[in-house]
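Student: I should like to request a close look at a single part of this structure, followed by its surroundings where they can be described. Please treat the strands and their arrangement with particular care.

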Amino acid sequence: MAKKRPQTKAKRPQFTDGARAAGTDGNVPVVGAREPCPCGSGRRYKACHGRAAAQATTTLVQRPFEGLSGECDWVALRELVPAATAELTLKGGLPEGVPSVTLATVLPMAWPALRRDDGSVLLGLQNDTASGDISRDLADTLQRALTAQPGTPVQGRRAPADGPRLQDLLAPEGAFRPEVHAGFEFWVPDPENATPEVTASLERANAAAIPTVRLQGVDFAYWCETPEKNHLRWVMPHEEERLLDALARLHAAGRSSLGEGTRLVGSFRAHGLTVPVWDLPSEITAQDVEKPAAEFAERLAEALATDAPLTPDERRARGGLTNRQVTLS
């Protein structure tokens with residue numbers, strides 16, 4: 001049910017030696033854990049700056065996109081959607097020489113970010129990150145992309161443990177409106193005149209992309225097409241236990257489907273949010289599921305407002321849903 005991410009033969013982004021050791025931009029020399037810290041404090045590295053670097057690496061932020069406009073869509077673009085973009089609004093506006101900043105699910109060669117020839121910035125969302133805080137890693141990449149030379153990619157590194165997060169850089173009032181694409185032509189300004197190498201890369205990436213559509217009638221729901229059946233994957237902002245109770249109530253009452261031939265099959269857990277998943281017959285299109293999804297949203301709102309204890313049938317339904325839950329992150 002999860003998406004396929006386009007594969008490339010490019011080398012993975014490399015961290016500088018200093019960044020590996022100190023969690024910085026590489027200006028601190030590589031030292032062993034028991035050696036004196038390069039900052040001159042007189043303490044061993046592991047008890048000084050190494051502690052912050054280790055903490056940044058091992059501590060997982062469960063909801064890295066919490067507080068951002070469109071948190072559910074951030075999760076969807078990170079885990080479920082192959083090809084999509086969204087314009088980002090920075091606090092204080094765009095720097096001089098940067099006409100736009102765009103979030104992209106994937107960039108060519110798995111680059112973390114790209115400063116285009118015209119100065120605009122593309123920030124890749126689906127790359128592996130060095131620490132347990134995706135938001136901090138992305139913010140570090142974004143900051144470096146804003147000052148990179150036009151026409152150059154930004155390579156990966158370990159973000160400073162005390163560096164800003166996306167929540168510090170993006171305007172909270174800025175709308176987050178993902179645009180789902182059929183392919184990755186947004187990589188290049190003029191795909192029709194691209195070189196043969198770029199064209200071949202686009203063809204490979206497009207072949208791996210699962211056709212996906214964002215529903216218009218409800219928030220954060222994505223229809224996708226696979227060879228055997230279609231799916232609806234719906235990122236929901238509700239607290240997990242409360243949501244599972246509500247889904248169980250509907251499931252036990254036979255009201256959890258989206259119409260004939262459809263069924264609620266389980267859920268993903270991704271970045272602190274729950275993503276219920278429905279199987280759909282292959283003939284059901286995104287347009288076909290718009291009305292049933294809107295009707296289900298009304299039933300779910302009623303179930304979420306119910307505080308009564310679960311009945312035995314509802315508890316069994318909840319157990320089945322929990323057993324079919326898959327954690328993506």
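Tutor: The account below begins with a sheet and then turns to a pocket and two buried residues.

The model is predicted. Its open sheet consists of 6 strands, arranged in the order β7-β8-β9-β11-β10-β12, and the pairing is mixed. The edge positions are taken by β7, residues 212-214, and β12, residues 325-327; each has a single partner strand, so one side of each is left without a neighbour in the sheet. On average, and with direction ignored, neighbouring strands of this sheet are turned by 25 degrees against each other.

At the β7 edge, the partner strand is β8, which spans residues 221-225. The two strands run antiparallel and are joined by 3 bridges. Within this pairing, V213 has W223 of β8 as its bridge partner.

The second largest pocket can be described next. Its space amounts to about 420 Å³. There are 17 lining residues, of which W111, L114, W187, V188 and V198 are the closest to the centre of the pocket. Two elements, β3 (113-115) and α6 (196-208), each contribute at least two residues to the lining. Helix α6 provides the largest share, namely 3 residues. Sorted by class, the lining of this pocket comprises 9 nonpolar, 5 charged and 3 polar residues.

Two further sites concern buried residues with polar side-chain contacts. T85 belongs to strand β1, which covers residues 84-87. The relative accessible area of T85 is 9%, and because the limit for a buried residue is under 20%, T85 is classed as buried. Its side chain forms a polar contact of 2.8 Å with the side chain of H181.

S131, by contrast in setting, is located in the loop that lies between β4 (121-124) and α4 (134-147). With a relative accessibility of 11%, S131 also counts as buried. The side chain of S131 takes part in a polar contact of 3.0 Å with the side chain of D137. A polar atom of the S131 side chain also lies 3.1 Å from the backbone nitrogen of D133. As for the position of S131 relative to P160, the two residues are 29 residues apart along the chain, and their C-alpha atoms are separated by 9.6 Å.

How values were computed:
Residues are numbered from 1 along each chain as its sequence is written. This is a predicted model: local features need pLDDT of at least 70, side-chain atom pairs count only at pLDDT 80 or more; totals for chains, interfaces and linings use all residues. Side-chain values use heavy atoms; hydrogens and water are left out. Two strands pair if DSSP finds at least two bridges between them. Helices (H or I, at least four residues) and strands (E, at least two) are DSSP runs, numbered from the N terminus. Axes are lines fitted to C-alpha atoms, for helices over the stretch in contact, and angles run from 0 to 180 degrees between N-to-C directions. On a 1 Å grid over the protein atoms alone, a cavity is a set of points where a 1.4 Å probe fits but cannot get out, and a pocket is an open set with protein on both sides within 12 Å along at least five of seven lines; lining residues have an atom within 4 Å of a point. Grid points are joined across faces, edges and corners, and a volume is the space filled by probe spheres set on the points. Ala, Val, Leu, Ile, Met, Phe, Trp, Tyr, Cys and Pro count as nonpolar, Asp, Glu, Lys and Arg as charged, and the others, Gly among them, as polar. Buried means under 20% relative accessible area, exposed over 50%, partly exposed in between (1.4 Å probe, protein chains only). A polar contact is a pair of N or O atoms within 3.5 Å; within protein, one must be able to donate a hydrogen and the other to accept it, and residues adjacent in sequence count only if both atoms are side-chain atoms.
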